[in-house]
Amino acid sequence: MAEVLPREVLIGTIARLLDGVRHVAVGASSPIPAAGAMLLRAVKEASGAVGPRISILGSVEHNFFTNGSAELFDCAGQGRIDAFFLGGGQIDGFGNVNLVGTGDYPHSSVRWPGSFGSAYLYYVVPRVILFREEHTPRVFVEKVDFISAPGISAEGVFRSGGPIALLTGKGLFRFDKARPGFELESVHPGHDLAEIKQATGFRFGHDAEPQQTALPDGSTLELLRGRVFDELAETYPEFAAQMRRDLGAVDA
Amino acid sequence: MLSEPRAMAKHIEPGMRVALPVDYAGVSMAMTRPIIEHGAGNLDLVCVPTGGLQVDQLVGAGLVRSVETSAVSLGEAGGAPRFNAAVKAGAVRLKDATCPAIHAGLMAAQKGSPFMPLRGLIGTDLLRYRDDWRVVDNPLADGGDPIVLIPAITPDVTIFHVPLADRFGNVWIGRRRELAAMAYASRTVLVTVERVVEENLLADEMSAAGVLPALYVTAVARAPKGAWPYGLWGEYPADSAEIARYANAARTADGFSAYMARAQMEPA
């Protein structure tokens, strides 16, 4: 079997972070989070357990809502969505997310699409996973230029959800809302602490010698490269094809 | 009630508040050029809850005064070029929102209520820049528990595209219920459709469940492939190559004008 690809490490890590959820929602253009959710479902079902329900926004096949685009948010407000993913043009050390732009709002010098549902879902979805493959100081900043959604809320503000982890192309961080801040939990194969420190604009807690991110085991990889990539191809055909090409290149 | 796109565009007057649906819900791209030709400007757009190609083209044509939205982008084709340029130049006023706040504002209007309370938002810069949103303490709690009030959103005009209408003006929106929410909240509702059928859509309970009744519909026009280059649910997929072509062309104002001036904008 081919060696584990970096993106397979990410997918396997997401599946572990989602363990135990009943219903996970995934954004329309988020193939890696979707693959993680599908992998968890495949692993659960292979062991005879019930896998999570997966809602992929904007997908026709994976959309079982019948009340228009408001239903996802209503569903989250009722506590029926356990996990969700957020990216961000900027993410800071307090877990604040900026999806609006850089510079002097409203005349942003770089304008990103906008906050989407983040200013609500970040508050009411218990397990929000921050996911951004690009791990650079321009993404992971000391302080965001605009708060689309804050990492923590003042006491007395209703908050049943929030960030639990930050997954990047280089490592996995846990969010500690008491501090508040991130703790480096593990480093992906091929990267190290010094590199992560250099690529991160905020301070974070870490062990002197952080552990390596766990790799998916053989049977998990088999499910991922078989059933999951097949399922993924229905919604993200280009991504699934690219993964298979990458695996072929490694194998050859 | 049966009309055609050019005639329907005349319902739009300068300074009106116009609601437009999200990419995948049924965007009436067939109305974009008639609206631009008609030329009513100073429009306040409400994206339900996000905007894309149509918003970018109306902004590029100089018809837009403000945009209330949770996001504007061309999806996989990247950022919305004319919108982003207008933001940078300060040429459009932004009312940045979050998706459920737009839905909440429409729901307030649907009920004839002045506002709808919504969780979340407290501590965001969205709230900081929105002088029309208010924070109050939950009057039903024993003190504290701040919550945001979203004022009713009452568009002058709502415009969307769906697969079918009947000759009585009932339109079939399927499970895209945000289209109904927009219509309930709006004074004028303009709908383009792929097909107009003879039978009454309310006569069959199966189709009736997905019908927006003629009560809420001002005018209907037939426009085959009317969402193109967007797709239409249950009918045809998006033409991502064409959207990418637009994204590329509209990076400059001149490129945008050249793209829009192309005589034939019908689907290939």
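This report walks through a predicted model with chains A and B, from its core outwards to single residues.

**The nonpolar core**

A good place to begin is the largest nonpolar core, which holds 162 residues. Within this core, A:Leu39, A:Ile129, B:Leu45, B:Val55, B:Val171 and B:Val191 touch the most other members. The biggest contribution comes from helix α2 of chain A, residues 31-46, which gives nine residues. Domain 1 (2-97 + 153-245) and domain 2 (115-150) of chain B each supply residues as well, so the core lies between them. The C-alpha centres of domain 1 and domain 2 of chain B are 30 Å apart.

Let us look at two residues here. B:Val191 has contacts with B:Phe160, B:Val162, B:Ala165, B:Val171, B:Val217 and B:Val220, leaving out residues up to four places away in sequence. In chain A, A:Ala42 sits in helix α2. Is A:Ala42 buried or exposed? A:Ala42 is buried, because it has 20 C-beta neighbours inside 10 Å and a residue needs 20 or more to count as buried. Not counting residues up to four places away in sequence, A:Ala42 touches A:Leu223, A:Arg227 and A:Val228. A:Gly248 is 206 residues from A:Ala42 in sequence, and their C-alpha atoms are 22 Å apart.

**Where the chains meet**

The contact between the chains takes 37 residues from chain A and 40 residues from chain B. On the side of chain A that touches chain B, the elements giving two or more residues are α3 (70-77) and α4 (118-124) of chain A. Of these, α4(A) gives the most, with five residues.

**Two helix pairs in chain B**

Chain B offers two helix crossings to explore. In one, helix α6 (residues 99-111) packs with helix α8 (residues 177-185); in the other, helix α4 (residues 53-60) meets helix α5 (residues 81-89). The table sets out their geometry.

| Helix pair | Angle | Axes | Handedness |
|---|---|---|---|
| α6(B) and α8(B) | about 50° | 8 Å apart | left-handed |
| α4(B) and α5(B) | roughly 50° | within 7 Å | left-handed |

With that angle, α6(B) is oblique to α8(B). Likewise, α4(B) and α5(B) are oblique to each other.

Which residues make these contacts? From α6(B), B:His103, B:Leu106, B:Met107, B:Ala109 and B:Gln110 meet B:Ala181, B:Met182, B:Tyr184 and B:Ala185 of α8(B). For the other pair, α4(B) brings B:Val55, B:Asp56, B:Val59 and B:Gly60, while α5(B) brings B:Pro81, B:Arg82, B:Phe83 and B:Ala86.

Helix α5(B) deserves another look, as it is mostly covered, with seven of its nine residues buried. The buried residues are B:Pro81, B:Arg82, B:Phe83, B:Asn84, B:Ala85, B:Ala86 and B:Val87. What covers them includes β7 (110-111) of chain A, along with α4, β5 (93-96), α10 (240-249) and α11 (253-261) of chain B. After α5(B) comes B:Gly90, which has a positive phi near 70°.

**Backbone details in the loops**

Two peptide bonds in this model are worth finding. In chain A, the bond from A:Tyr105 to A:Pro106 is cis, with omega near 5°. A:Pro106 belongs to the loop between β6 (101-102) and β7 of chain A. In chain B, B:Val48 and B:Pro49 are joined by a cis peptide bond with omega of about -15°. B:Pro49 belongs to the loop between β3 (43-48) and α4 of chain B.

Next come two residues with positive phi that are not glycine. A:Phe116 has a phi near 45° and lies in the loop between β7 and α4 of chain A. With 24 C-beta neighbours inside 10 Å, A:Phe116 is buried. B:Leu121 has a phi of about 70° and is found in the loop between β6 (115-118) and α7 (125-129) of chain B. B:Leu121 is buried too, with 27 other C-beta atoms within 10 Å.

**A proline in a strand**

Our last stop is B:Pro146, in strand β8 (residues 146-151) of chain B. With 15 other C-beta atoms within 10 Å, B:Pro146 is partly exposed. Leaving aside neighbours within four places in sequence, B:Pro146 is in contact with A:Val157, B:Ile122, B:Val135 and B:Asp137. B:Leu58 is 88 residues from B:Pro146 along the chain, and their C-alpha atoms are separated by 38 Å.

Key. Residues numbered from 1 in each chain as written. Chains lettered and ligands numbered in written order. Predicted model: local features only at pLDDT ≥ 70, side-chain atom pairs only at ≥ 80, totals over all residues. Core = buried A, V, L, I, M, F, W, Y, C linked by C-beta atoms within 7 Å. Buried ≥ 20, exposed ≤ 12 C-beta atoms within 10 Å, placed from the backbone. Helix = DSSP H or I, 4+ residues; strand = E, 2+ residues; numbered from the N terminus. Domains from an automatic or database assignment. Contact = placed C-beta atoms within 7 Å. Axes fitted to C-alpha atoms, helices over the stretch in contact; angles between N-to-C directions. Parallel < 35°, antiparallel > 145°, perpendicular 65-115°, else oblique. Left-handed = near helix turned anticlockwise from the far one by under 90°.
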